[in-house]
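This briefing looks at one helix and at the charged side-chain pairs of a single model. Please keep the sequence and the structure in view while reading the points below.

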Amino acid sequence: MSGHDTTEAHLRTLMIASLDGDAAAYRTLLSELGRHLRPYFTRRLHAAHASYAEDLVQDTLLAIHTRRMSYERDRPFTAWLHAVAHHKFVDHVRRHKLRITVPLEDDAPIFARDEAADATAKRDLDVVLQTVPPRTEALIRKVRVEGASIAEAAEQIGISETAAKVSIHRGLRSLVARFSGGSDDR
């Protein structure tokens, strides 16, 4: 299953659960959609109007809320979402007489990868992980970023599984303390 297919299945499941009254699924859906919609709108706006991206996200989320009953459960969710977002974007551009960075016809999907955001996130992660000891950094990277099991990571590093668990736990606790305003030095 491709990344788009996985995203479609996940979001469609959340939408259907939301329509069935699952408030937690609805909150999760809106949160995840916001993360996809921000880069979608930012890519389309001229840099001078990038501040409108958040307004467009909120307008689109509100439209999704008010029109959610129009979603047909047997249809792809992302196509419905794209139509709502595209219409909000076109309305916004016309209402504000904005210059956009891509023609309206050249409308890439909402779920296109944002390479600049990916690079920034990787750089931020590298900076954050450099604040823990190298072995802890390697373990966190292998388990939490690359998806290895604790047993696999421990074997690769050459330590026991218990030692790996303790190191990861202490490293994450240190990061939380350091970046949430506390100070938990090495």
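**Salt bridges and the setting of helix H3**

In this predicted model, the side chains of Arg-73 and Asp-20 meet in a salt bridge, with 2.8 Å from N to O. Arg-73 belongs to the loop between H3 and H4, and Asp-20 to the loop between helix H1 (3–19) and H2, so the pair ties together parts that are 53 residues apart in sequence. The count of salt bridges comes to four, and the points below take up further pairs before turning to helix H3.

**Exposure of the loop pair**

- Arg-73 counts as partly exposed, its relative accessibility being 36%.
- Asp-20, its partner in the salt bridge, is exposed, with a relative accessible area of 54%, which is over the 50% that the term requires.

**The pair between helices H2 and H3**

- A salt bridge also forms between Arg-38 and Glu-54, whose closest N and O atoms are 2.7 Å apart.
- This pair links distant parts of the chain, since Arg-38 lies in helix H2 and Glu-54 in helix H3, 16 residues apart.
- Arg-38 counts as partly exposed at 33% relative accessibility, and Glu-54 likewise counts as partly exposed, at 31%.

**The pair within helix H6**

- In the salt bridge of Arg-141 and Glu-137, the side chains meet at 3.3 Å, N to O.
- Arg-141 and Glu-137 are four residues apart in helix H6 (residues 134–145), which means that about one helical turn separates them.
- Through salt bridges that share partners, Asp-126, Glu-137 and Arg-141 are joined into one network.

**Helix H3 and its two sides**

- Helix H3, which runs over residues 52–67 and has 16 residues, reaches 22 Å from its first C-alpha to its last, close to the 22 Å expected at 1.5 Å a residue.
- Which residues of H3 are buried? They are Ala-53, Leu-56, Val-57, Thr-60, Leu-61, Ala-63 and Ile-64.
- These buried residues cover an arc of only 160° around the axis, and therefore they lie on the same side of H3.
- On the other side of H3, by contrast, Leu-62 and Thr-66 are exposed.
- The cover over the buried residues of H3 includes helix H2 (23–44) and helix H4 (77–96); helix H2 is also the element that holds Arg-38, the partner of Glu-54 in H3.

Terms used:
Residues numbered from 1 in each chain as written. Predicted model: local features only at pLDDT ≥ 70, side-chain atom pairs only at ≥ 80, totals over all residues. Heavy atoms only, no water. Helix = DSSP H or I, 4+ residues; strand = E, 2+ residues; numbered from the N terminus. Expected span 1.5 Å × (residues − 1). Buried < 20%, exposed > 50% of the residue type's maximum accessible area, 1.4 Å probe, protein only. Arc of directions from axis to C-beta. Contact = heavy atoms within 4.5 Å.
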